[in-house]
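Colleague: Got a minute? I'd like to go through this model with you.

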Amino acid sequence: MTNHFFRTLLCTAALFLINPTLDAAAQEQRAYDPEARLVELGITLPPPAKPVANYVNAVRTGNLIFTAGKGPRGADGTELRGKLGADITIEQGYAGARQTAINQLAVLKDMLGNLDRVVRVVKVLGMVNSDPNFTEQPAVINGFSDLIVEVFGERGRHGRSAVGMASLPRGQAVEIEMIVEVQPEESATMSSTNPLLLRYLGAAGWEIKDGNVTVLIDPYISRIKLGGGGHPDDNRPDYERSETAVSDTLLIDSIIQKADFILVHHGHFDHLGDVPYIARKTGAKVIGTESTITILRAYGIPEEQLYAVGGGEDYQFDNFSIRVVPSIHSALNEKHYHDTRRYNSESELKAPLRFDQFIEGGSLTFLARFEGKTVLTMGSMNFLEREMEGIHPDVLLAGINGSRLGLYNYDERLLTVTGFPPVVIPTHWDNFRLPYGYSQEANIDRNLVPFVEASAAISPHSKVIIPVHLETITIQ
Ligand SMILES: [Zn+2]
């Protein structure tokens with residue numbers, strides 16, 4: 001499949017067209033579509049019942065909805081009343097709890113418009129009108145929980161309390177509340193006037209512009225034919241890692257004219273190798289690890305351009321802010337990769353460095369806040385889940401090279417912890433030893449296609465955009 005064909009397929013025919021190629025495992029993971037599950041179950045949601053006292057059906061705070069207690073009122077207005085262990089059976093109670101779930105779904109649907117905005121069901125409090133000797137409240141509240149899981153799948157699994165009550169309003173058999181996490185509201189930020197322009201430079205490299213600032217991420221343009229793995233038709237010189245590093249400055253000049261900031265995820269050559277030249281040429285401020293900054297010092301980049309960070313910083317600049325998120329490197333070499341080397345002021349580095357002196361030096365991720373939109377950048381196929389918690393970007397540049405397959409549940413953990421971002425753009429998936437314009441078919445098939453399929457199942461509302469070298473993606 002050619003690069004162009006693949007793009008055409010994605011752009012014009014939508015993602016479902018490639019579903020016939022889903023492998024068995026992916027097919028088992030059914031698309032998340034709670035409204036379709038309701039139709040399959042033959043359930044029509046009633047209009048939500050009006051609150052009967054001085055309260056509201058539910059309150060939203062941030063991304064959580066707390067619902068008021070509802071009971072087993074049927075569509076015809078009748079209500080299951082009675083005490084478990086005295087007047088009604090567990091089966092009747094179970095059916096009443098199931099009806100209560102339908103009533104709570106009606107409240108959520110009314111608030112959200114579509115139940116697919118539910119990210120997950122967090123907590124359920126089930127109260128059962130119980131005779132003092134009745135102890136099987138969980139069996140009754142299962143009527144609620146079972147329907148919730150039927151509708152929301154894995155995302156419906158919740159924490160729960162099922163307790164007995166001496167009496168409930170009007171003698172209703174159960175009363176149940178729930179707490180639900182939902183997708184962020186269409187933020188005011190997404191309606192900003194300036195579009196965000198992202199141009200893919202290959203590897204983990206990007207140029208991002210919002211009309212105020214031009215930010216480069218790991219701008220690696222030279223695409224040196226390094227250490228084998230190049231293309232037989234590429235007659236550029238072949239370099240070994242022990243040779244002196246070079247940059248293709250003519251090519252860089254034809255692509256990069258201006259930069260205000262350069263964010264560097266880590267020090268490997270395919271991330272940092274062109275930064276000395278670009279930093280000197282543009283005068284851009286560079287943000288990276290101490291090892292990265294030490295390399296740039298060796299190349300004589302002026303101190304006022306250099307920002308060494310450790311992870312955890314959150315820096316405000318004019319019209320732009322950057323949160324530095326600690327991270328870890330891809331599990332290279334079949335998970336045997338681990339490089340603790342670091343550079344600092346004690347290190348004796350003399351430019352130009354050899355390719356193999358571009359050490360990782362620790363890894364970072366960046367949350368870049370542009371005018372109105374946030375972009376979470378990745379330079380590796382790995383992340384520290386706890387460090388990413390609560391970071392829900394508008395755009396995720398998701399590292400998806402093949403080494404991610406050595407990690408536990410990578411795609412799902414990544415898309416979940418980042419809050420199922422509205423826009424997901426795969427990065428670092430190409431063969432960066434091939435010049436621009438060469439076919440990336442092998443890496444598209446190996447890296448992109450499986451990720452696009454997985455993303456469609458895990459996060460169906462994320463728009464996955466396949467980047468093409470040097471083409472600009474516009475995010476409105
Ligand atoms: Zn690397």
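Modeller: Sure, here is a walk through the domains, the sheets, the helix pairs and a couple of backbone details.

Colleague: What kind of model is it, and how are residues numbered?

Modeller: It's a predicted model, where local features need pLDDT of at least 70, side-chain atom pairs count only at pLDDT 80 or more, and totals for chains, interfaces and linings use all residues. Residues are numbered from 1 along each chain as its sequence is written.

Colleague: Which domains does the chain have?

Modeller: The domain assignment gives domain 1 (34-182) and domain 2 (188-475); such bounds come from an automatic or database domain assignment. Taken over C-alpha atoms, the centres of domain 1 and domain 2 are separated by 46 Å.

Colleague: Let's do the five-strand sheet. What's the strand order?

Modeller: The order is 1-2-5-3-4, in an open sheet with mixed pairing. Strands here (E, at least two residues) and helices (H or I, at least four) are DSSP runs numbered from the N terminus, and two strands pair if DSSP finds at least two bridges between them.

Colleague: And which are the edge strands?

Modeller: Strand 1 (58-61) and strand 4 (159-165), each pairing on one side only. From one strand to the next, the twist averages 15°. For angles, axes are lines fitted to C-alpha atoms, for helices over the stretch in contact, and values run from 0 to 180 degrees between N-to-C directions.

Colleague: How do the pairs run, parallel or antiparallel?

Modeller: Strand 1 and strand 2 (residues 64-67) are antiparallel over four bridges, with Val 59 partnered by Phe 66 in strand 2. Strand 3 and strand 5 are also antiparallel, over nine bridges, and Gly 126 stands opposite Ile 176 in strand 5. Strand 3 and strand 4 run parallel, joined by seven bridges; there, Val 128 has Gly 164 in strand 4 as its bridge partner.

Colleague: Where do the side chains point, in general?

Modeller: In a regular strand they alternate between the two faces of the sheet.

Colleague: Which strands does helix 4 lie across?

Modeller: Helix 4 (residues 90-112) lies across strand 1, strand 2, strand 3 (118-129) and strand 5 (174-182), at about 40° to strand 5. Helix 5 (residues 137-152) packs on the sheet too, touching strand 3, strand 4 and strand 5, and its direction makes about 160° with that of strand 3. Contact here takes C-beta atoms, placed from the backbone, within 7 Å.

Colleague: How do helix 4 and helix 5 cross?

Modeller: Their axes come within 7 Å and cross at roughly 40°. Helix 4 and helix 5 are therefore oblique to each other: under 35 degrees counts as roughly parallel, over 145 as roughly antiparallel, 65 to 115 as roughly perpendicular and the rest as oblique. The crossing of helix 4 and helix 5 is right-handed, that is, the near helix is turned clockwise from the far one by less than a right angle.

Colleague: What sort of residues make that contact?

Modeller: The contact of helix 4 with helix 5 has 13 nonpolar, five polar and one charged. Ala, Val, Leu, Ile, Met, Phe, Trp, Tyr, Cys and Pro count as nonpolar, Asp, Glu, Lys and Arg as charged, and the others, Gly among them, as polar.

Colleague: Switching topic, what about the seven-strand sheet?

Modeller: That one is open as well, with the order 13-12-11-8-7-6-21 and mixed pairing. Its edge strands are strand 13 (306-308) and strand 21 (472-475), and the twist averages 20° from one strand to the next. Strand 11 (residues 261-263) pairs with strand 12 (residues 285-288) in the parallel sense over three bridges.

Colleague: And helix 12 with helix 13, at what angle do they pack?

Modeller: About 50°, with the axes of helix 12 (residues 410-417) and helix 13 (residues 441-458) 10 Å apart. Asp 411, Glu 412 and Leu 415 in helix 12 meet Phe 451, Ala 454, Ser 455 and Ile 458 in helix 13. Those contact residues divide into four nonpolar, one polar and two charged.

Colleague: Last thing: which peptide bond is cis?

Modeller: The bond from Ala 351 to Pro 352, with omega near -5°. Pro 352 sits in the loop between helix 10 (332-335) and strand 16 (363-369). Lys 335, in helix 10, has phi near 75°, a positive value in a residue other than glycine.

Conventions. Contact = placed C-beta atoms within 7 Å.
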